[in-house]
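This report considers selected side-chain interactions and their surroundings in one protein model. The sequence and the structure are shown first.

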Amino acid sequence: MTKVNGMAAPPRVLVSPGAERSEAERSETERSAVPGETKTRPDPEVLAKAQRRQFTADYKRRILAQADSAKESGAIGALLRREGLYSSHLTHWRQQRDRGLTPRQRGPKPQRDPVFDEVRKLKQENDHLTQRLARAELIIDVQKKVSSLLGIPLATVDSDESNS
């Protein structure tokens with residue numbers, strides 16, 4: 001070990017002449033640069049909040065029509081690569097097309113309509129009364145059978161039709 005000014009010198013790394021980076025090991029910018037031409041680097045600034053891509057209904061219809069008309073093998077994949085889309089986009093857009101291609105509304109749900117609440121309450125009450133009526137009819141049928149078995153005559157109710 002050699003000492004420089006009383007301290008140990010850092011070890012030296014010997015580089016052989018063939019140890020330089022090969023063509024395949026160079027970075028993308030080094031490989032794509034034309035000799036003698038300076039290439040501007042892309043802006044590395046990242047946006048504070050990423051923007052979600054939004055597609056119009058016309059664009060979705062056009063892409064779906066192209067995908068549906070694709071006959072040859074790999075045509076849909078080429079379409080997706082060209083447009084920068086995923087196959088899941090086509091799946092969701094087909095489902096939307098079947099429902100009328102209306103986008104789902106985002107954000108808070110609208111307040112309930114008071115008429116809707118009243119209709120729901122009346123339907124529940126109607127179901128409850130229908131069940132009570134079915135039970136009452138069943139009880140009346142049982143009473144008729146018991147009275148006929150015991151020989152007890154039932155009182156008859158005059159109906160409006162007999163009076164006419």
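Is F55 buried, partly exposed or exposed, judged by its relative accessible area? F55 is partly exposed, because its relative accessible area is 22%, and the upper limit for a buried residue is set at under 20%. The model discussed here is a predicted one.

**Aromatic contacts**

Three aromatic pairs are found when the whole structure is searched. One of these joins F55 and W93 in an edge-to-face arrangement, with a centre-to-centre distance of 5.1 Å and an angle of 70 degrees between the planes. This pair connects distant parts of the chain, since F55 belongs to the loop between α1 and α2, W93 belongs to helix α4 (residues 87-98), and the two are 38 residues apart. In contrast to the partly exposed F55, W93 is classed as buried, at 3% relative accessibility.

W93 also pairs with Y59: their ring centres are 6.1 Å apart and their planes stand at 80 degrees, so this pair is edge-to-face. Because Y59 is in helix α2 and W93 in helix α4, the pair ties together parts of the chain that are 34 residues apart in sequence. Y59 is buried, with a relative accessible area of 16%. Together, F55, Y59 and W93 make up one aromatic cluster.

**Salt bridges**

The search of the whole structure gives six salt bridges. Among them are the three listed below, each with its distance between N and O atoms.

| Acidic residue | Basic residue | N to O distance |
|---|---|---|
| D58 | R61 | 3.2 Å |
| E83 | R82 | 3.5 Å |
| D117 | R120 | 4.0 Å |

The partners D58 and R61 both belong to helix α2, where they are three residues apart, about one turn of the helix. Their accessibilities place them in two classes: D58 is exposed, with a relative accessible area of 58%, while R61 is partly exposed at 43%.

How far apart, in helical turns, are D117 and R120 in helix α5? They are separated by about one helical turn, because they are three residues apart in that helix, which covers residues 114-150. D117 is partly exposed, with a relative accessible area of 27%, and R120 is likewise partly exposed, at 37% relative accessibility.

In the bridge between E83 and R82, E83 has a relative accessible area of 23% and is partly exposed. R82 reaches 57% relative accessibility and therefore counts as exposed. Apart from the pairs in the table, D68, R94 and R97 are linked in a network of salt bridges.

**The surroundings of R53**

R53 is placed in the loop between α1 (28-32) and α2 (57-69). Which residues does R53 contact, leaving aside its neighbours within four places in sequence? The contacts are with E83, G84, L85, Y86 and H89. E83 therefore appears in two settings, as a contact of R53 and as the salt-bridge partner of R82. For G84 there is a further detail: its backbone oxygen lies 2.9 Å from a polar atom of the R53 side chain. R53 counts as partly exposed, because its relative accessibility is 45%.

**Helix α5 and its end**

Helix α5, which holds the bridged residues D117 and R120, has 37 residues. From its first C-alpha to its last it reaches 54 Å, close to the 54 Å expected at 1.5 Å a residue. The helix is followed by G151, which has a positive phi, near 80 degrees.

S147 is also found in helix α5. Is S147 buried or exposed, given its relative accessible area? S147 is buried, because its relative accessible area is 7%. Not counting residues up to four places away in sequence, S147 touches I152 and L154.

Technical notes:
Residues are numbered from 1 along each chain as its sequence is written. Side-chain values use heavy atoms; hydrogens and water are left out. Helices (H or I, at least four residues) and strands (E, at least two) are DSSP runs, numbered from the N terminus. Buried means under 20% relative accessible area, exposed over 50%, partly exposed in between (1.4 Å probe, protein chains only). Contact means heavy atoms within 4.5 Å. A polar contact is a pair of N or O atoms within 3.5 Å; within protein, one must be able to donate a hydrogen and the other to accept it, and residues adjacent in sequence count only if both atoms are side-chain atoms. A salt bridge is a side-chain nitrogen of Lys or Arg within 4 Å of a carboxyl oxygen of Asp or Glu. The expected span of a helix is 1.5 Å times one less than its number of residues. Rings of Phe, Tyr and Trp (its six-membered ring) pair if their centres lie within 6.5 Å; planes under 30 degrees apart count as stacked, over 60 as edge-to-face and the rest as tilted.
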